[in-house]
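Here is a short set of exercises to work through with the model open beside you. Try each task before reading its solution.

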Amino acid sequence: WVPPSAFIPFAEQTGRIRSLTDWLLNQVAEQVAAWRASGHPLTVSINVAIHDLEDPDFPRRVAAALRRHDAQAIDLCLEITEGGLMADPEQARTTLATLHEAGHRLAIDDFGTGYSSLAYLSHLPVNELKIDRSFIMDLNLHNRSIVLSTISLGHALGLKVVAEGVETATQYRELALLGCDVAQGYLIARALPLEEFNSWRVRHGGECDWSVQPDAQPALGSASAPSLPGHA
């Protein structure tokens, strides 16, 4: 087991992150196309590295992977960290606008850690706001206030709000009371190989909203994206 925190910085420092991203895009495009062809479509989220977000050619790379596997843009959600957005705000806005026009769902990951302005966020064509797990792991009075404010902000902007790092039933219940839309974390499921995930999805189909409609608002309890074969 190699955690992302161990290999992503290495891939960025060595310039291999682009190759890794392109491999991932093709793996996911192939899988979501297969799920849709079988009548069981599912949106899969991909984390976009800062280097890719700063690449003006990134939207074309995404589109190429979809065409190669006859996949649909709506089945791919691209997650950009708040810190990544602020590294080059204008390029990020241009890239997100192009991806949005192509039909992709977009999410701001690790929200609360990147010091972005509300004015900037309000002009981004995103669909989801993901609260950083550091605020979820310890829901003390201070963090609870931050989480509640973030949920209110997200809903005011018309966004779905996702809580990252949900590991206990207590956290889950508290987030539900605060009005959070989706829980992601080990309480729901750990990363699974593809075949195990397919079985898990069937067993828990009645507990989650697996729809991929852009306007759907699933109840708290939706699972995070599956781990495809070979993913760490």
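**Exercise 1. The overall picture**

How many helices and strands does the secondary structure of the protein come to?

*Solution.* This is a predicted model, in which local features need pLDDT of at least 70, side-chain atom pairs count only at pLDDT 80 or more, and totals for chains, interfaces and linings use all residues. Residues are numbered from 1 along each chain as its sequence is written, and side-chain values use heavy atoms, with hydrogens and water left out.

- Step 1: The protein has 11 helices and six strands; these are DSSP runs numbered from the N terminus (helices H or I, at least four residues; strands E, at least two).
- Step 2: Of the 232 residues, 44% are buried (under 20% relative accessible area, with exposed meaning over 50% and partly exposed in between; 1.4 Å probe, protein chains only).
- Step 3: Take the contacts (heavy atoms within 4.5 Å) between residues at least 6 apart in sequence: 67% of them join residues at least 24 apart.

**Exercise 2. Two packed helices**

Describe how H2 and H4 pack.

*Solution.* Two packed helices are described by the angle between their axes and the distance between the axes.

- Step 1: Helix H2 (residues 17–37) packs on helix H4 (residues 58–69) at about 35°, and their axes are 8 Å apart. Axes here are lines fitted to C-alpha atoms, for helices over the stretch in contact, and angles run from 0 to 180 degrees between N-to-C directions.
- Step 2: The crossing of H2 and H4 is right-handed (the near helix is turned clockwise from the far one by less than a right angle; anticlockwise would be left-handed).
- Step 3: On the H2 side, the residues that meet H4 include Leu 25, Ala 29 and Ala 33, and on the H4 side Phe 58, Val 62 and Ala 65 are among them.
- Step 4: The residues of this contact divide into seven nonpolar, three polar and five charged (Ala, Val, Leu, Ile, Met, Phe, Trp, Tyr, Cys and Pro count as nonpolar, Asp, Glu, Lys and Arg as charged, and the others, Gly among them, as polar).

**Exercise 3. One residue of H2**

Is Leu 25 buried or exposed, and which residues does Leu 25 touch?

*Solution.*

- Step 1: Leu 25, in helix H2, is buried at 4% relative accessibility.
- Step 2: Leaving aside residues up to four places away in sequence, Leu 25 touches Ile 46, Phe 58, Arg 61, Val 62, Ala 65 and Leu 76.
- Step 3: Leu 76 lies 51 residues from Leu 25 along the chain, with 9.1 Å between their C-alpha atoms.

**Exercise 4. Aromatic rings**

Why is the pair of Phe 197 and Trp 200 stacked?

*Solution.*

- Step 1: The structure holds two aromatic pairs (rings of Phe, Tyr and Trp, taking its six-membered ring, with centres within 6.5 Å; planes under 30 degrees apart are stacked, over 60 edge-to-face, the rest tilted).
- Step 2: The ring centres of Phe 197 and Trp 200 are 6.1 Å apart and the planes stand at 25°, so the pair is stacked.
- Step 3: Both residues belong to helix H11 (residues 194–203), where, being three residues apart, they are separated by about one helical turn.
- Step 4: Phe 197 is buried at 4% relative accessible area, and Trp 200 is buried at 8%.
- Step 5: Trp 35 joins Phe 197 and Trp 200 in one aromatic cluster.
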